[in-house]
Every structure is written in structure tokens, then in C-alpha cells.
Amino acid sequence: MAHVGIIMGSTSDWETMRHAADILAVLEIPHETRVVSAHRTPQRLYDYATGAADRGLKVLIAGAGGAAHLPGMAAAMTHLPVLGVPVESHALKGMDSLLSIVQMPGGIPVGTLAIGKAGAINAALLAAAILALSDPALEERLKAWRSTQTDNVAELPQ
């Protein structure tokens, strides 16, 4: 059973969101991925978000570009934590996405990450940290991942 749902507004967002899926796979966190557009498939979004908890999901990661309504709309329909990843857009390089996701009204929180690949990676790591609060084995895998990351930083610029 999946614990994290990764949703995106378009198949073109997969180039960014696949980085979240990659991190979750490395950490052995069961997850699912879906294309769920707030604008083009609103009923699919409604069904996905309102049924997420009943299907066993514990965290949603929602990536969207442009108007980027997906994370906020999903958050409005579930009590689960929603982590928003602004996908880089052509017109404004992701600033439009970032501002759309981060400026949620009080009462509908969306944890907003960085634009693009870094945001997708950090969304997966943040989801892992949330899940690790009640999963000691995952906590150890996350600690090991971070330790490996630290060990891989060169001391010299050569």
C-alpha cells in the first residue's frame, strides 16, 4: 500500500516530479504517481484528494506549473499534509508557480518547496521525515541517506 501520493498537473511535469519518486524509491517508501490536473480533470482531482486517506496515503506531494492550483486544491480537500513543488514554467521560470503555491490563505496549508528538481527532491525528503516520526526503520534509512550525502561532499575542490 502506498504511503505517499505524487500528483502532477501534466505529464510534462514528470521530468521534475520523477526526482521525488526516485528519492522515495531509494528510501523504500511505497508511493504512487498520478496525473491529476486541477483545471482539466477536476473530478479526478476531487476523487483522488478526498479518497487519499481512505486508500492509506499519509502525505501528498503535488507538483504544478503556471497557475499551479493543484497543491492548494488538493490541500483543501484532505486533512493529509500536502507538499507543493513549483514546476518551472516557460513564461516566468517558475516564479508564477512558486507564488501560486506559497500564497495559500490561512487555514489551508501547503508546505511549499523550491522550484524544480531541488523542490521535488526536498519534498520527498520532507515526506520521509514526516513518515519517519512513526516509523523507526524509515528513520534509520533516512539518517543513513543523509549520512551518505554528507560523506560524499569533497573536502577539496579538485
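In this predicted model, a salt bridge joins Arg55 to Glu32, with 3.0 Å between the closest N and O atoms. The two partners come from distant parts of the chain, 23 residues apart: Glu32 sits in strand S2 (residues 31-35), while Arg55 belongs to the loop between helix H2 (42-51) and S3. Their surroundings can be told apart by accessibility. Arg55 has a relative accessible area of 35%, so it counts as partly exposed. Glu32 comes out at 15%, and therefore counts as buried.

That pair is part of a wider set, as the structure holds six salt bridges. Another one links Asp22 with Arg18, where the closest N and O atoms are 3.8 Å apart. Here both residues lie in helix H1, four residues apart, which is about one turn of the helix. Asp22 is partly exposed, at 38% relative accessible area, and Arg18 is partly exposed too, at 27%. The pair doesn't stand alone, either: Glu15, Arg18 and Asp22 are linked in a network of salt bridges.

Helix H6 offers a further case, a salt bridge between Lys143 and Glu139 with closest N and O atoms 3.7 Å apart. These two are four residues apart in H6, so about one helical turn separates them. Lys143 is partly exposed, with a relative accessible area of 46%, and Glu139 is also partly exposed, at 32%.

Glu139 turns up again in the packing of two helices. Helix H5 (residues 117-132) packs with helix H6 (residues 136-151) at an angle of about 145 degrees, and their axes are 8 Å apart. The crossing of H5 and H6 is left-handed. On the H5 side, the residues that meet H6 are Leu125, Ala128, Ala129, Leu131 and Ala132; on the H6 side, they are Pro136, Leu138, Glu139, Leu142 and Trp145. Sorted by class, this contact has nine nonpolar residues, no polar ones and one charged one.

Now for the interior. In soluble globular proteins, nonpolar side chains tend to be buried together. In this model, the largest nonpolar core has 26 residues, and those with the most contacts inside it are Val4, Ile6, Leu24, Leu27, Ile29, Ile61 and Leu83. At least two residues of this core come from each of strand S1 (4-8), helix H1 (14-26), strand S3 (59-65), strand S4 (82-87), H5 and H6. H5 gives the largest share, eight residues. Apart from this core lies another, of 20 residues, with Val36, Ala38, Ala62 and Val110 among them.

Ile6 gives a good idea of how parts of the chain come together. Leaving aside its neighbours within four places in sequence, Ile6 is in contact with Met17, Ala20, Ala21, Leu24, His31, Glu32, Thr33, Arg34, Tyr48 and Ile61. Two of these names are familiar: Leu24 is listed with the core residues that have the most contacts, and Glu32 is the salt-bridge partner of Arg55.

Tyr48, also on that contact list, leads on to helix H2. There, Leu45, Tyr48, Ala49 and Gly51 are buried. What covers the buried residues of H2 includes S1, S2, S3 and helix H3 (70-76).

The loops have some details of their own. Most residues other than glycine have a negative phi. Glu28, although not a glycine, has a positive phi of about 60 degrees. This residue is found in the loop between H1 and S2, and its 56% relative accessibility means that Glu28 counts as exposed. Lys93 is a second non-glycine residue with a positive phi of about 60 degrees. The place of Lys93 is in the loop between S4 and helix H4 (95-102), and Lys93 is exposed, at 54% relative accessible area.

Finally, there's Gly107, which sits in the loop between H4 and strand S5 (111-112). With a relative accessible area of 70%, Gly107 is exposed. Gly107 and Ala75 lie 32 residues apart in sequence, and in space their C-alpha atoms are 9.9 Å apart.

Technical notes:
Residues numbered from 1 in each chain as written. Predicted model: local features only at pLDDT ≥ 70, side-chain atom pairs only at ≥ 80, totals over all residues. Heavy atoms only, no water. Axes fitted to C-alpha atoms, helices over the stretch in contact; angles between N-to-C directions. Left-handed = near helix turned anticlockwise from the far one by under 90°. Contact = heavy atoms within 4.5 Å. Nonpolar A, V, L, I, M, F, W, Y, C, P; charged D, E, K, R; others polar. Core = buried A, V, L, I, M, F, W, Y, C linked by side-chain atoms within 4.5 Å. Buried < 20%, exposed > 50% of the residue type's maximum accessible area, 1.4 Å probe, protein only. Salt bridge = Lys/Arg side-chain N within 4 Å of Asp/Glu carboxyl O.
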